Amino acid sequence: MAAAIDLDEIRDFLVELAKQAGELIVSQTGKTAYDDKANSVDLVTETDAAVEKLVATKCTEKYPHFEFMGEESYIPGVTKLSEKPTFIVDPIDGTTNFIHSFPFSCTSLGFAINRHPVVGVVYNPFLNLMYTGIKGQGSFLNGTQKLPLRQPPAGSKLTLQNALIGIEWGTQRSGVNYKVKTETFKKLAAEDGSMVHGFRSLGSAAMNMCAVAAGQLDAYWEGGCYAWDVCAGWVILTEAGGRVVGGNPGIWEPAVDQRIYLAVRGGDGCEEFIKNFWDSVEGQLDY
């Protein structure tokens with residue numbers, strides 16, 4: 001029988017690796033050139049590649065029998081997430097923030113077994129925010145502050161009308177997905193719609209998910225992300241009592257690589273909130 005994988009050891013390894021990645025990210029802030037990928041808002045820098053090389057090298061040296069999936073080495077149609085133990089990594093989540101020196105970039109280091117996230121480390125080196133989570137062991141900020149940091153007021157129920165929701169515009173600025181997003185945003189915001197408290201865009205899927213885990217956002221709706229954007233944050237959120245479901249209606253158990261998600265904090269009324277949010281989605285996202 002194969003030896004059990006020590007998830008605490010994986011977490012500790014990824015924390016130290018995140019610190020090294022963070023030092024590299026901070027050292028290159030304001031110094032690195034960038035290129036377009038799909039369009040002028042889908043950006044990549046030399047630092048993204050350098051951080052992924054650092055992380056991939058360390059992971060494969062220490063755990064040569066585990067697989068590695070990273071944003072910068074991903075090949076569409078070729079790279080597939082398997083059931084084997086896999087590091088799932090976004091070297092810099094929030095590249096546009098990094099380019100603009102807006103301090104909400106992070107390195108997102110996830111670990112999955114059987115395609116299920118089991119360890120997550122998200123580190124924002126600009127604000128010194130280290131989020132960690134291990135399946136079945138809870139999640140924490142900077143090692144000692146148990147998540148969520150903010151509990152809902154006693155007796156309160158999570159509703160759209162009292163929610164602060166994380167959203168992102170994404171890189172597709174035309175077509176069906178753009179229309180679904182913008183029409184849904186309008187319905188959620190409007191006085192004759194859900195009239196949520198407000199929207200926030202942190203510019204990083206991992207940071208948005210950690211904000212939900214912390215109780216600072218009530219939900220985060222996204223389409224167009226990849227597994228490396230959400231794997232680490234998924235563990236951190238669910239270990240804080242939250243849920244990740246499909247961003248399109250009716251999907252209660254989404255795959256980590258399905259690209260369309262709704263992340264919701266824990267608390268009374270969570271399931272009803274999810275159903276009401278789905279009722280507000282204007283169409284179907286398709287990625």
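**Notebook: sheet, strand β14 and a helix pair**

I began with helix α2 (residues 46-62), which lies across β3, β4 and β5 and runs at about 155 degrees to β4. The model is a predicted one, and I read every entry below with that in mind.

**Entry 1, the sheet under α2.** I traced the strand order next. The sheet is open and has seven strands, in the order β3-β4-β5-β6-β7-β8-β9, with mixed pairing. I then looked up which strands stand at the edges: they are β3 (67-70) and β9 (145-146). Each has a single partner strand, so one side of each is left without a neighbour in the sheet.

I also noted a second helix on this sheet. Helix α1 (residues 7-27) packs there and touches β4 (86-93), β5, β6 and β7 (129-134). The direction of α1 makes about 30 degrees with that of β6.

**Entry 2, β5 with β6.** I checked how these two strands run. Strand β5 (residues 106-113) and strand β6 (residues 116-124) are antiparallel and are joined by seven bridges. For one residue I looked up the partner: Thr107 has Tyr123 in β6 as its bridge partner.

**Entry 3, β14 and its partners.** I moved on to strand β14 (residues 260-264) and looked up its pairing. Strand β12 (residues 219-223) pairs with β14 in the antiparallel sense, over five bridges. In that pairing I located Tyr220, which stands opposite Ala263 of β14. Strand β13 (residues 243-246) also pairs with β14 in the antiparallel sense, over four bridges. Here I found Gly246 opposite Tyr261 of β14.

I then asked myself whether the residues of β14 are buried or exposed. Five of its five residues are buried, and I logged the strand as mostly covered. The cover applies to both faces. Ile260, Leu262 and Val264 are buried on one side, and Tyr261 and Ala263 are buried on the other.

**Entry 4, α4 against α7.** Last, I looked up a helix pair. For two packed helices, the description consists of the angle between the axes and the distance between them. Helix α4 (residues 175-189) and helix α7 (residues 270-280) pack at an angle of about 120 degrees, and their axes are 9 Å apart. I therefore entered α4 and α7 as oblique to each other.

I listed the residues where they meet: Thr184, Lys187 and Leu188 from α4, and Phe277, Asp279 and Ser280 from α7. Sorted by class, the contact of α4 with α7 has two nonpolar, two polar and two charged residues.

Definitions and conventions:
Residues are numbered from 1 along each chain as its sequence is written. This is a predicted model: local features need pLDDT of at least 70, side-chain atom pairs count only at pLDDT 80 or more; totals for chains, interfaces and linings use all residues. Side-chain values use heavy atoms; hydrogens and water are left out. Buried means under 20% relative accessible area, exposed over 50%, partly exposed in between (1.4 Å probe, protein chains only). Two strands pair if DSSP finds at least two bridges between them. Axes are lines fitted to C-alpha atoms, for helices over the stretch in contact, and angles run from 0 to 180 degrees between N-to-C directions. Angles under 35 degrees count as roughly parallel, over 145 as roughly antiparallel, 65 to 115 as roughly perpendicular and the rest as oblique. Contact means heavy atoms within 4.5 Å. Ala, Val, Leu, Ile, Met, Phe, Trp, Tyr, Cys and Pro count as nonpolar, Asp, Glu, Lys and Arg as charged, and the others, Gly among them, as polar.
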